[in-house]
Amino acid sequence: MRRVPAVLSSITESNKGENEMSTWLGIDIGTTAVKVAVIRTAYRKVQLAGLASVEVAQAGGVAEALAQAARAAVGEGAGLGDALAVSLEGARGTVKVVGLPASALKQVAEVLPFELESQLPFDIAEAVFDYRILPGLREQKGEELGVLVGVAKTADVAGRIELVKSALGLEPERVGIGAFPIANLLPFVPALGEGVVAVVDLGTVSSDVLILKGGEPLFARTIALGTKGLPGTAAKLARELRTTIAAHRSQGGESPARLFLCGGGAFVSGAEAFLSSALEVPVEVLPVPSLEMVSVSADHVVALARFAKAIGLALGLGPRALGLNLRKGPLAFERGFAWVKEKVPLLAGLAAVIVVSFLFSAWAQLYATSKEKAVLEQSLGLVTKDVLAEETSSAARASELLASQTTLSDDDPLPHADAFDVMVKLSELIPPSMTHDIEELDIQKQHVIVHGIVGSIPDAQAIKTALATERCFVDPKITRTNAQVGSTAQKYVLEFDIKCPEDTKGGGKKAPSLAASASASPSATGGK
């Protein structure tokens, strides 16, 4: 009975092992560098297992930089994990907030293409999109629902997928857009969920801005300025950030109370102080996520904000992603046989648990049924012994005994011949020429005693012989004769039993009584 817990414990322990943990790769493909983060997860356990960054120029191209960064982050000779996620630059997509009536809540995916068609510079049929329904009600021009939508051309998303596939031999499961993947850091960076905050992913030639409220992404925008050109372009960068915040406020949003810097430009000297002064909000580098770190160098830990998007992409492969995924419609991801093959040991373990659980449940039910049957048979034996006078544990035998004692007999309890029938038969059997008197006729328990007077003893013998032919009169005999005083007549005593065949059990249907079967001839009464 301890086999099931043992199997479960074995599977749980194996899942806790490093080799059985799920491995997710987040790949941030920038203009000048490719950054890769490796996340390993198990039951209630998330580890940051590797970080790597490779300059595109030094590697000789984006594809080669991507391959080098992935191998460096995962480790030489190791596989590329269970799933990959990449992101499309914000400048190659569009993020909008679309207002819809509340009645469209259950048909948002069907309604959005019609709403977006007039707002996009390209045909919606050539695009893919994903959306999030914003919390709260808009209450603007009858638009009660706010839907945050990320849209990009299908060709651009397919090109990013093909780039990763050609470099690594695997397709990414998710394709994010802009800075949205950074929202997945919320469970590990509590500061992102404190009121309204802005996150700026500073790149080399462009920057992505994401505004969150209570941890929910509300607004995103890409500006065509980065660290390239600093410090000469610092004022222009600050102006673009102020414009972005103003655009958010124009849509009914609140000004951010804090601004966090991440990406390659997060550690530019003086960036925090300058932007804080220009934007009049506190600016700081994104805090280090509270992740368990394995095989991460101290240099990478210090500069962890540079890998914020890559880490967020990897975390987005979990079940509760906060970002947007452009692998929709014709680009929807389908897992291949190779992934299933990798999961065979885990699936086999789960199947073993299910089989063992089923067998244990079936055995327990059969055992309980057999015990219940034994108790019922014992009770049946006691009841049949007390009630039916025969102890049996067989239900069929008990039914037979009960039927034999409860079946009602169809036999008539009344006798088939009585005193009246005897009188009728005597009158029929005495011939008219014979003088016969009956002094006494006594019937006790179907035994008949006749005291009669005849002319002679042969007459008495003739009456006895005639009675012996009747089917209901058994063993007639004359027990005594004597002469009548003062006359030549003879007194006699005749005895016999009344017992018809129908009176015995199983004797068949009741025949007509002797009186009913008698003919209508005149009776021979006494004195004949």
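Look at helix H4 and the face turned away from its buried side: that is where the exposed residues Glu110 and Phe114 sit. The helix spans residues 108–117, and its buried residues are Val108, Leu112 and Leu116. Those three cover an arc of only 60 degrees around the axis, so they end up on the same side of H4. Keep in mind that this is a predicted model.

**Helix H4 and its neighbours**
- What do the buried residues of H4 pack against? Three strands take that role: E5 (93–100), E6 (127–133) and E7 (145–153).
- Glu110 and Phe114 are on the face pointing away from that buried side.

**The whole protein**
- The protein has 15 helices and 18 strands.
- It is 528 residues in all, and buried residues make up 40% of them.
- If you take the contacts with a separation of 6 or more, 63% of them join residues that are 24 or more positions apart.

**How confident the model is**
- The average pLDDT for the protein is 82, and 86% of the residues score at least 70.
- Residues 1–19 are one stretch to treat with care: pLDDT stays under 50 there, and the model has 19 contacts beyond four places in sequence for them.
- Residues 518–528 also keep a pLDDT under 50, with 16 contacts beyond four places in sequence in the model.

**The cavity**
- How many cavities of 30 Å³ or more turn up in a search of the whole structure? The search finds 1.
- The largest cavity holds about 80 Å³ of space.
- Strand E4 (83–88), strand E8 (174–177) and helix H9 (308–315) are the elements that each give two or more residues to the lining of this largest cavity.
- E8 supplies the largest share of that lining, with 4 residues.
- In total 14 residues line the largest cavity, and the ones nearest its centre are Arg174, Pro181, Asn184, Leu313 and Leu324.
- Sorted by class, the lining has 8 nonpolar, 5 polar and 1 charged residues.

**Ala321**
- You'll find Ala321 in the loop between H9 and helix H10 (337–342).
- Is Ala321 buried or exposed? Neither label quite fits, because its relative accessible area is 22%, which makes Ala321 partly exposed.
- Leaving out residues up to four places away in sequence, Ala321 touches Arg132, Arg174, Asn184 and Gly316.
- Two of those partners, Arg174 and Asn184, are also among the residues nearest the centre of the largest cavity.
- Leu185 is 136 residues away from Ala321 along the chain, yet their C-alpha atoms are separated by 9.7 Å.

**Backbone details to look up**
- The peptide bond from Leu230 to Pro231 is cis, with omega near 5 degrees.
- Pro231 belongs to the loop between strand E11 (216–223) and helix H6 (234–250).
- Ala389 has a phi near 65 degrees, a positive value in a residue other than glycine.
- Where is Ala389? It lies in the loop between helix H11 (344–387) and helix H12 (395–406).
- Ala389 counts as exposed because its relative accessible area is 69%.
- Asp475 is not a glycine, but its phi is positive too, at about 55 degrees.
- Asp475 is part of strand E17, which covers residues 473–483.
- With 51% relative accessibility, Asp475 is exposed.

Key
Residues numbered from 1 in each chain as written. Predicted model: local features only at pLDDT ≥ 70, side-chain atom pairs only at ≥ 80, totals over all residues. Heavy atoms only, no water. 1 Å grid on protein atoms, 1.4 Å probe; cavity = no way out; pocket = protein on both sides within 12 Å on 5 of 7 lines; lining within 4 Å. Points joined across faces, edges and corners; volume = space filled by probe spheres on them. Nonpolar A, V, L, I, M, F, W, Y, C, P; charged D, E, K, R; others polar. Buried < 20%, exposed > 50% of the residue type's maximum accessible area, 1.4 Å probe, protein only. Contact = heavy atoms within 4.5 Å. pLDDT = per-residue confidence, 0-100. Arc of directions from axis to C-beta.
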